[in-house]
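Trainee: Could you walk me through how to read a few features of a protein model?

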Amino acid sequence: MAKKAARRPSALKPVLVLNGPNLNMLGKRQPQIYGRETLADVEKACRIEVLRLGLTVEFAQSNHEGVLVDLIQAAREKNSAIVINAGAYTHTSVALLDALNAAELPAVEVHISNIYKRESFRHRSYISPAAVGVIAGLGIQGYLLALQALARLLKP
Ligand code: CA2
């Protein structure tokens, strides 16, 4: 019987999954837009997915733009890639765009909701030019799809 190939623990630095303002409220308000799963559920699902993918992950959330910039700056040394849901800063922050460009890491932008179905101010992302790809509207599955895409990009 053919043996299933065991995945070796990753030699890569962890992928940073970074969440911006108000995403700590996930599952607690507005379930019609953002669903019923909490940020802790997102983290759990990401940790299971990276085991399958042979990656490791670090999770962070902040409501503060400068803290997010600090985390992206540190990622340049500490992390191999970034999954980012910048929340409302997506639509306003040149600082996050600059930090992502300076980090020179593959980054995937994720939005739980379909930002193009919503108010016009959400149609514009300042950070997309620094992303290898953008996933929107697929709920928290978007984070797992982002990790899958990065696994393909990072693996030799
Ligand atoms: O769809 C997304 O993931 C967003 O990045 C979420 C942001 C929003 O400003 C973006 O336009 C799209 C808002 C995150 C707020 O999350 C909450 C979750 C539950 C309750 C209240 C806020």
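What follows is a short conversation about helix packing, buried faces, backbone angles and loop residues.

Mentor: Happy to! Keep in mind from the start that this is a predicted model.

Trainee: Let's begin with helices. At what angle do α2 and α5 pack, and how far apart are their axes?

Mentor: The general idea is simple: two packed helices are described by the angle between their axes and the distance between the axes. Here, α2 covers residues 39–53 and α5 covers residues 141–154. Their angle is about 25 degrees, and the axes lie 9 Å apart. Angles under 35 degrees count as roughly parallel, and α2 and α5 are therefore roughly parallel to each other.

Trainee: What is the handedness of the crossing where α2 passes α5?

Mentor: The crossing of α2 past α5 is right-handed.

Trainee: Which residues meet between α2 and α5?

Mentor: From α2 the participants are V42, A45, C46, E49, V50, R52 and L53. They meet Y143, L144, L147, Q148 and A151 of α5. Sorted by class, this contact holds nine nonpolar residues, one polar residue and two charged ones.

Trainee: How does the pair α3 and α4 pack?

Mentor: You read that pair with the angle and the distance again. The angle between α3 and α4 is about 5 degrees, and their axes are 8 Å apart. That makes α3 roughly parallel to α4. On the α3 side, E65, L68, V69, I72 and R76 make the contact. On the α4 side, A95, L96, A99, L100, A102 and A103 do so. The classes here are nine nonpolar, no polar and two charged residues.

Trainee: Staying with α4, which of its residues are buried?

Mentor: A bit of helix geometry helps here. An α-helix has 3.6 residues a turn, so residues three or four places apart point the same way. In α4, which spans residues 94–103, the buried residues are L96, L97, A99, L100 and A103. Viewed down the axis of α4, these buried residues fall within an arc of 165 degrees, so they line one face of the helix.

Trainee: What do the buried residues of α4 pack against?

Mentor: Their partners are α3 (65–78), β3 (81–85) and β4 (107–111).

Trainee: Now the backbone. What is the phi of N22, and what is the phi of Q30?

Mentor: As background, most residues other than glycine have a negative phi, and most peptide bonds are trans. N22 has a positive phi of about 75 degrees although it is not a glycine. Q30, also a residue other than glycine, has a positive phi near 45 degrees.

Trainee: Where in the chain is N22, and how exposed or buried is N22?

Mentor: N22 sits in the loop between β1 (15–19) and α1 (31–34). Its relative accessible area is 55%, so N22 is exposed. Q30 lies in the loop between β1 and α1 as well. With 41% relative accessibility, Q30 counts as partly exposed.

Trainee: And L26, is it buried or exposed?

Mentor: L26 is another residue of the loop between β1 and α1. The cut-off for buried is under 20% relative accessible area; L26 has 4%, so it is buried. Leaving out residues up to four places away in sequence, L26 touches Y34, E37, T38, L39, V42 and I112. One of these partners, E37, is 11 residues from L26 in sequence, with 6.6 Å between their C-alpha atoms.

Trainee: Let's finish with the loop between β4 and β5. Which residues does R122 contact there, neighbours within four places in sequence aside?

Mentor: R122 belongs to that loop between β4 and β5. Apart from those sequence neighbours, R122 is in contact with H91 and I115. R122 is buried, with a relative accessible area of 17%.

Trainee: How accessible is H123?

Mentor: H123 is also placed in the loop between β4 and β5 (133–136). At 34% relative accessibility, H123 counts as partly exposed. Beyond its neighbours within four places in sequence, H123 is in contact with I115, Y116, K117 and R118.

Trainee: Where is Y116, and how far is its C-alpha from that of A136?

Mentor: Y116 is in the loop between β4 and β5. Y116 and A136 are 20 residues apart in sequence and 8.4 Å apart in space, C-alpha to C-alpha. Y116 has 46% relative accessibility and so counts as partly exposed.

How values were computed:
Residues numbered from 1 in each chain as written. Predicted model: local features only at pLDDT ≥ 70, side-chain atom pairs only at ≥ 80, totals over all residues. Heavy atoms only, no water. Axes fitted to C-alpha atoms, helices over the stretch in contact; angles between N-to-C directions. Helix = DSSP H or I, 4+ residues; strand = E, 2+ residues; numbered from the N terminus. Parallel < 35°, antiparallel > 145°, perpendicular 65-115°, else oblique. Left-handed = near helix turned anticlockwise from the far one by under 90°. Contact = heavy atoms within 4.5 Å. Nonpolar A, V, L, I, M, F, W, Y, C, P; charged D, E, K, R; others polar. Buried < 20%, exposed > 50% of the residue type's maximum accessible area, 1.4 Å probe, protein only. Arc of directions from axis to C-beta.
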